[in-house]
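Dear colleague,

I am handing over the structure we spoke about, and below it you will find what was found on going through it. Please keep the structure open beside this message as you read.

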Amino acid sequence: MGLHGVKAVFFDLDNTLIDTAAAGRRAIEERSPRPLQVISALQSKHHYGEGEARAICDKVQAKLLKECHDPAKMCITDLRISHWEEAIQETIGGEANRDLAAECYYLWKTTRLQHLTLAEDTRAMLTELRKGLRLLLLTNGDRQTQREKIEACACEPYFDAIVVGGEQKEEKPAPSIFHYCCDLLGVQPAECVMVGDSLDTDIQGGLNAGLKATVWLNKAMTAPVDTFPVPHYIISSVLDLPAVLQKMEHNINAKLGTDHMAGSNE
């Protein structure tokens, strides 16, 4: 592997290598005294009804999904405290409660980080892949937030380089950040594979940058017929990646053999 075709693999972080969505849900819903999750705290400490507590958290989740963050205008902490502040006011009414919003945000953030883990089988896969390939972590998002996640899941030792979109001039799907990654590793775009769960950023970005292949992680494996952009490969688990890379190498070797035969016959 890496001799004739692929020399490097770029991995997305959130919901590709780590299950950020599940960690966020557990930070809100899981009921245990240590650490205390947000719904439990709103009920036991602040005496909200369960319906009110869930409504607040649902509103915050919706705001996070639609979030547009400009670090030049507001830090991510202030923005996310505002999500909680708005959600509480929208649900309960009355005066805005910034202190309660900040308490909820820090509780959610701390608990979510505690649940962000790089699974043992994923660690083993990365270790094995790195024997023959260069590996790079490429994640969009706010610098502070993403660096905290990277530290929490202890994934840095498994990569030759880590690139955070919030630290660059442009994020995925801009070709520039992919080409920057190539330069870091000393490889060409046509020698790299991008693996991620987002069609809009990971797959479109890999295509924009002219990478050798894009691999879409679609855990549900239920995609609309008109999926766009079209990835080169689709997997249901990141652990399926080695088989895809072996298939790519086999196809490359087969093509080299065919080209050699054609050249001999000329």
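**Strand β2 and its neighbours**

Of the six residues that make up strand β2 (residues 134–139), five are buried, so this strand is largely enclosed by the rest of the structure. Please bear in mind throughout that this is a predicted model.

Strand β2 is paired with two other strands. Strand β1 (residues 8–11) runs parallel to β2 and is joined to it by four bridges, and within this pairing Val9 stands opposite Leu135 of β2. Strand β3 (residues 161–164) also runs parallel to β2, again with four bridges between the two, and here Leu137 has Ile162 in β3 as its bridge partner. To get from β2 to β3 the chain passes through helix α7 (residues 143–153), and the β-α-β crossover made in this way is right-handed.

**Aromatic pairs**

How many aromatic pairs does the structure hold? There are three, and two of them are described here in turn.

In the pair formed by Phe11 and Phe159, the ring centres are 6.1 Å apart and the planes stand at 70 degrees, and because planes over 60 degrees apart count as edge-to-face, this pair is edge-to-face. The pair links distant parts of the chain, since Phe11 belongs to strand β1 whereas Phe159 lies in the loop between α7 and β3, with 148 residues separating them. Phe11 has a relative accessibility of 0% and therefore counts as buried, and Phe159, with a relative accessible area of 6%, is buried as well.

The pair of Tyr105 and Trp108 is tilted, with 6.2 Å from centre to centre and 35 degrees between the planes. Where along the chain do Tyr105 and Trp108 lie? Both are found in helix α5 (residues 98–115), three residues apart, which is about one turn of the helix. As for their surroundings, Tyr105 counts as buried at 3% relative accessibility, and Trp108 is likewise buried, with a relative accessible area of 3%. Together with Tyr106, these residues, Tyr105 and Trp108, form one aromatic cluster.

If you would like a place to begin, you could follow the chain from β2 through helix α7 to β3, and then turn to Phe159 in the loop between α7 and β3 and to its partner Phe11 in strand β1.

With best wishes

Terms used
Residues are numbered from 1 along each chain as its sequence is written. This is a predicted model: local features need pLDDT of at least 70, side-chain atom pairs count only at pLDDT 80 or more; totals for chains, interfaces and linings use all residues. Side-chain values use heavy atoms; hydrogens and water are left out. Buried means under 20% relative accessible area, exposed over 50%, partly exposed in between (1.4 Å probe, protein chains only). Two strands pair if DSSP finds at least two bridges between them. A crossover is right-handed if, with the strands pointing away from the viewer, the path from the first strand over the helix to the second runs clockwise. Rings of Phe, Tyr and Trp (its six-membered ring) pair if their centres lie within 6.5 Å; planes under 30 degrees apart count as stacked, over 60 as edge-to-face and the rest as tilted.
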